[in-house]
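Biologist: Please take a close look at the aromatic rings and the nonpolar interior of this model, and at what surrounds them. A connected account would suit me better than a list.

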Amino acid sequence: MPIPRRALVAAAVALVLPLSACGSGDSGGSTDASGKIEGDITFQTWNLRANFKPYFEGVVADFEKKYPGTHVKWIDQPAEGYADKISADAAGGTLPDVVNVSPDLVAPLAKAGLALDLDKSAARYKKEYLAGAWAGHQVPGMTGTYAFPWYLNTGPLFYNKSLFEKAGLDASQPPTTYDELFTDALRLADKSDGKVATLANVPTIEDFGRYGVELMNKEGTAFSFNDAKGVQLLTKYKELYDAKALDPQALTATPESSGKKFLTGAVAMNPGSALDLGNFKKQAPNLYKNIGITDQITSTGKVNMYVMGVMVNARTKHTPAAVAFAHFVTDAQNQMSFAKKVAIFPSTAGSLDDPYFTKEDGTDETRVRVAAAKSLKNAVNYTPVLFSEQMKTALRNEIAKALQGKQSPRTALDNAVKACGTLLRQQG
């Protein structure tokens, strides 16, 4: 896939701005975006030049043609070290006017007063975007929205119909909620004498969100996924693990290893993409013939999505031009054009009703695209914007101990919340 997985899943290292960038200081630019659209601005993307240079040069040219008094300098940074680059620019006062960010990157910038609050400066555009996408760059403990939503990503679940049928399950009615999933998984494991697991991965923070757990308090000061519902979810996963309904190697699983398990029929369900369908067709034709595509498991009725955004530097000297350009990059026409060049989805309201996202043509690519697009209309980004990679590791480690019986699910989640709270306080 041309866009790096790291960008698509919005999983960047937590950004900690130096204290020098967090003071009250001179705020520089104006928050008023209603003036004349003119001036020179800089637009920074995240590892997109190599594959999409003509596209972005075209967007810039179209904007400058629409607003003759403007000039946009486009710069692109490599994926590696992107968070560090933003941190250094923020501290040094050299942050570009318009910046490609993920929610976890925008949070510290918003706290430092460097991200423009679009609810104040660009509220007139809010209705153009999906509600869940617009909310993607809101920060707990703060009021406001700090980036235009840009491209989205999600993925359906694949399931092996023949394995469901062998267990006496209706392959045309795959599980959609966690309760249904747990029931079917235990049956699959029982009927196969523990040879077929339904899942290959331990629960992540997104799973707790899809289960309906309140992950964090509204003030953004503490995590809360150790509540009764969270403990219930992990207790169920422990039951699956003991019954071999959760693959024994789930504690150390990678997307690649999980994919191989699904390919060989050792696992009945696995997330994937159109690229995976192509692999199944070549490497496992029997699986390909029996493949089912369904929505992500969720007990809330809303699937998880990953969202990328375009932030406006609150200290830009050309606020009207910067806001106008950030909106231009993310408007329906440009998002639709971009979505046809790479396997992502637009965040603009109504775009997912386009035939490109609703009509199948018999190809694997459209089968997956249509299934994913349908679920995105009311999707949410469950990962808290303040939940860092270190926190994900801490949660995973405690979950592993619980599944192995080294501690109770309650103790595991209490310990994870405590560890994540310590890391949260270190973010400042």
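Modeller: What follows goes from the ring pairs to the cores, then to one helix and a few single residues.

This is a predicted model, in which local features need pLDDT of at least 70 and side-chain atom pairs count only at pLDDT 80 or more, while totals for chains, interfaces and linings use all residues. Residues are numbered from 1 along each chain as its sequence is written, and side-chain values use heavy atoms, with hydrogens and water left out.

The structure holds 31 aromatic pairs. Rings of Phe, Tyr and Trp (its six-membered ring) pair if their centres lie within 6.5 Å; planes under 30 degrees apart are stacked, over 60 edge-to-face, and the rest tilted. W46 and Y82 make a stacked pair, with 4.5 Å from centre to centre and 10 degrees between the planes. This pair joins distant parts of the chain, since W46 belongs to strand β1 (residues 39-46) and Y82 to helix α3 (residues 82-92), 36 residues apart. Helices (H or I, at least four residues) and strands (E, at least two) are DSSP runs numbered from the N terminus. W46 counts as buried at 1% relative accessibility, and Y82 is buried at 0%. Buried means under 20% relative accessible area, exposed over 50%, and partly exposed in between (1.4 Å probe, protein chains only). F223 and F225 form a tilted pair, because their ring centres are 6.1 Å apart and their planes stand at 50 degrees; both residues are buried.

Ring pairs also link a cluster that includes F43, F52, W74, W150 and F325. Over the face of W74 lies R49, at 4.0 Å from the ring centre. Likewise, the charged end of R369 sits over the ring of Y356, 3.7 Å from its centre. A charge sits over a ring if NZ of Lys or CZ of Arg is within 6 Å of the ring centre and within 35 degrees of the ring normal.

F225 and F325 reappear in the largest nonpolar core, which has 127 residues and in which these two have the most contacts. Helix α14 (residues 319-329) gives this core its largest share, eight residues. A nonpolar core is a set of buried Ala, Val, Leu, Ile, Met, Phe, Trp, Tyr and Cys residues joined through side-chain atoms within 4.5 Å. Leaving aside neighbours within four places in sequence, F225 is in contact with residues including I205, F208, F387, L395 and L413, contact meaning heavy atoms within 4.5 Å. Apart from this core lies another, of nine residues, among them F158, F262, L277 and A284.

L395 is one of the buried residues of α18, which also include M391, A394 and E398. Their cover includes α9, α10 and α19 (409-426). The 15 residues of α18 (residues 389-403) should span 21 Å, and the end C-alpha atoms are 21 Å apart, which agrees; the expected span is 1.5 Å times one less than the number of residues. Just after α18, G405 has a positive phi of about 80 degrees.

Most residues other than glycine have a negative phi. D193, not a glycine, has a positive phi of about 55 degrees. D193 lies in the loop between α8 (178-191) and α9 (205-211) and is exposed, with a relative accessible area of 67%. K244 also has a positive phi, near 65 degrees; this residue is in the loop between α10 (228-242) and α11 and is partly exposed at 45%.
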